[in-house]
Amino acid sequence: MKVEPVNGGCGALVVDVDLNALSEAEVDAVATAQAEHGVVFFRDQELTPDGQLAAAGRFGAINVNRFFTPVREQPSVAMVLKEPQHETNVGGGWHTDHSYDEAPALGSLLYALEVPSGGGDTMFANMYSAYAALSPGLRKTLEGLRAVHSSRHVFGRAGYHAGRKDDRYHNPEAATQDAVHPMVIRHPRSGRPALYVNPGFTVRIDGWTDLESRPLLDYLYRVAARPEHTCRFHWEVGSVAFWDNRATWHYALNDYPGERRLMHRVTVDGGPLAAYHA
């Protein structure tokens, strides 16, 4: 097994490995590479829903997403689908999965079954380097702050998807929880500081009003999305991305109108996040 960084922003390609037959040493090496690079990519994999679930389960307990449509053959695997008639896609904006949970998910393993003839790439952004790019004064300020994350405005009864009557999402009554996390976390595996806010689910700084929070959050989002912090992954059938939600954002590009894109996603449980203090 070899780990090859894809560029300076984030991400690494793992080659000469079969996700159906990972050794204990390979599991540890993949987990270490993921924590270091934020996301790891694999090509030419052949995964059944049960096989994908088993592969993801080598890295932790499975978190069954309560909002996505499950795969018929295996309800613990979520379907990530865009049909030709859909105008919006799943994950079409910078976000971090499950930051709205008290114990956010470690990450997700996404497997490509059908891809469009062009487009449909996924962007990733590195929250280690986003934090490092801030001034020492701002880094110190952020280390003393926490932010509120919520799923209500996205998945809730009055949220974005319910308003569009999008049948790819379910259980809006489950989108009632908020969570408060440090704005700078110490990554549980690497120990490195990472910025932990995201445009999709962070709603305000804890103890601040929405109006007070917006200028600082928007500035952090602009810094984090700079090209030097990002990488772009081009999907092929059989490709896999396994990202770390504590170290990255991601953004599924919606640039393939009238075509179908089908992925299967399995999410791995994480735990409470500790604040980083220099």
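**View 1. Residue F42 of strand β3 faces V240 of strand β15 in this predicted model.** Strand β3 runs through residues 39-42. Strand β15 covers residues 240-244. The two strands pair in the antiparallel sense, over four bridges. F42 and V240 stand opposite each other.

**View 2. Strand β3 also pairs with strand β2.** Strand β2 spans residues 12-15. It pairs with β3 in the parallel sense, over two bridges. Here A12 stands opposite V40 in β3. How does the chain cross from β2 to β3? The path goes through helix α1, residues 24-37. This β-α-β crossover is right-handed.

**View 3. Both faces of strand β3 are covered.** In a regular strand the side chains alternate between the two faces of the sheet. Which residues of β3 lie on each side? V39 and F41 are on one side. V40 and F42 are on the other. All four are buried. F41 also belongs to an aromatic cluster, together with F124, F233, W235 and W243.

**View 4. W94 and Y251 form an aromatic pair.** A search of the whole structure finds 10 aromatic pairs. W94 and Y251 make up one of them, and this pair is edge-to-face. The ring centres are 5.4 Å apart, with 75° between the planes. The pair links distant parts of the chain. W94 sits in the loop between β6 (74-82) and β7 (107-114). Y251 sits in strand β16, residues 248-252. The two residues are 157 residues apart. Are these residues buried or partly exposed? W94 is buried, because its relative accessible area is 16%, under the 20% cut-off. Y251 has 28% relative accessibility, so Y251 counts as partly exposed.

**View 5. Y131 and Y276 form another edge-to-face pair.** Their centres are 6.1 Å apart, and the angle between the planes is 75°. This pair, too, links distant parts of the chain. Y131 lies in helix α3, residues 127-132. Y276 lies in the segment after β17 (261-268). The separation along the chain is 145 residues. Both tyrosines are buried.

**View 6. Arginines lie over tyrosine rings.** R139 lies over the face of Y131, at 5.8 Å from the ring centre. Y131 is the residue that pairs with Y276. A second arginine, R192, has its charged end over the ring of Y128. The distance there is 3.8 Å from the ring centre.

**View 7. R260 makes polar contacts with E83 and E114.** R260 has its place in the loop between β16 and β17. The polar contact between the side chains of R260 and E83 is 2.8 Å. The one between the side chains of R260 and E114 is 2.5 Å. Which other residues touch R260? Leaving aside neighbours within four places in sequence, R260 is also in contact with L81, K82, P84, V115 and P116. R260 has a relative accessible area of 28%, so this residue is partly exposed. For scale, the C-alpha atoms of R260 and V197 are separated by 31 Å. Along the chain, R260 and V197 are 63 residues apart.

**View 8. The side chain of N89 reaches a backbone oxygen.** N89 is found in the loop between β6 and β7. The oxygen belongs to A252, and the distance is 2.8 Å. Is N89 buried or exposed? With 8% relative accessibility, N89 counts as buried.

**View 9. N63 is joined to D269 by a polar contact.** The contact runs between the two side chains, at 2.9 Å. N63 lies in strand β4, residues 62-63. Its relative accessibility is 12%, so N63 counts as buried. Leaving aside neighbours within four places in sequence, the residues in contact with N63 include H98, D101, T267 and V268.

**View 10. Helix α2 has a set of buried residues.** The helix runs through residues 49-57. Which of its residues are buried? They are P49, G51, Q52, L53, A55 and A56. An α-helix has 3.6 residues a turn, so residues three or four places apart point the same way. What covers the buried residues of α2? The cover includes β4, β5 (70-71), β6, β7 and β17. Strand β4 is the one that holds N63.

How values were computed: Residues are numbered from 1 along each chain as its sequence is written. This is a predicted model: local features need pLDDT of at least 70, side-chain atom pairs count only at pLDDT 80 or more; totals for chains, interfaces and linings use all residues. Side-chain values use heavy atoms; hydrogens and water are left out. Rings of Phe, Tyr and Trp (its six-membered ring) pair if their centres lie within 6.5 Å; planes under 30 degrees apart count as stacked, over 60 as edge-to-face and the rest as tilted. Buried means under 20% relative accessible area, exposed over 50%, partly exposed in between (1.4 Å probe, protein chains only). A charge sits over a ring if NZ of Lys or CZ of Arg is within 6 Å of the ring centre and within 35 degrees of the ring normal. Two strands pair if DSSP finds at least two bridges between them. A crossover is right-handed if, with the strands pointing away from the viewer, the path from the first strand over the helix to the second runs clockwise. Contact means heavy atoms within 4.5 Å. A polar contact is a pair of N or O atoms within 3.5 Å; within protein, one must be able to donate a hydrogen and the other to accept it, and residues adjacent in sequence count only if both atoms are side-chain atoms.
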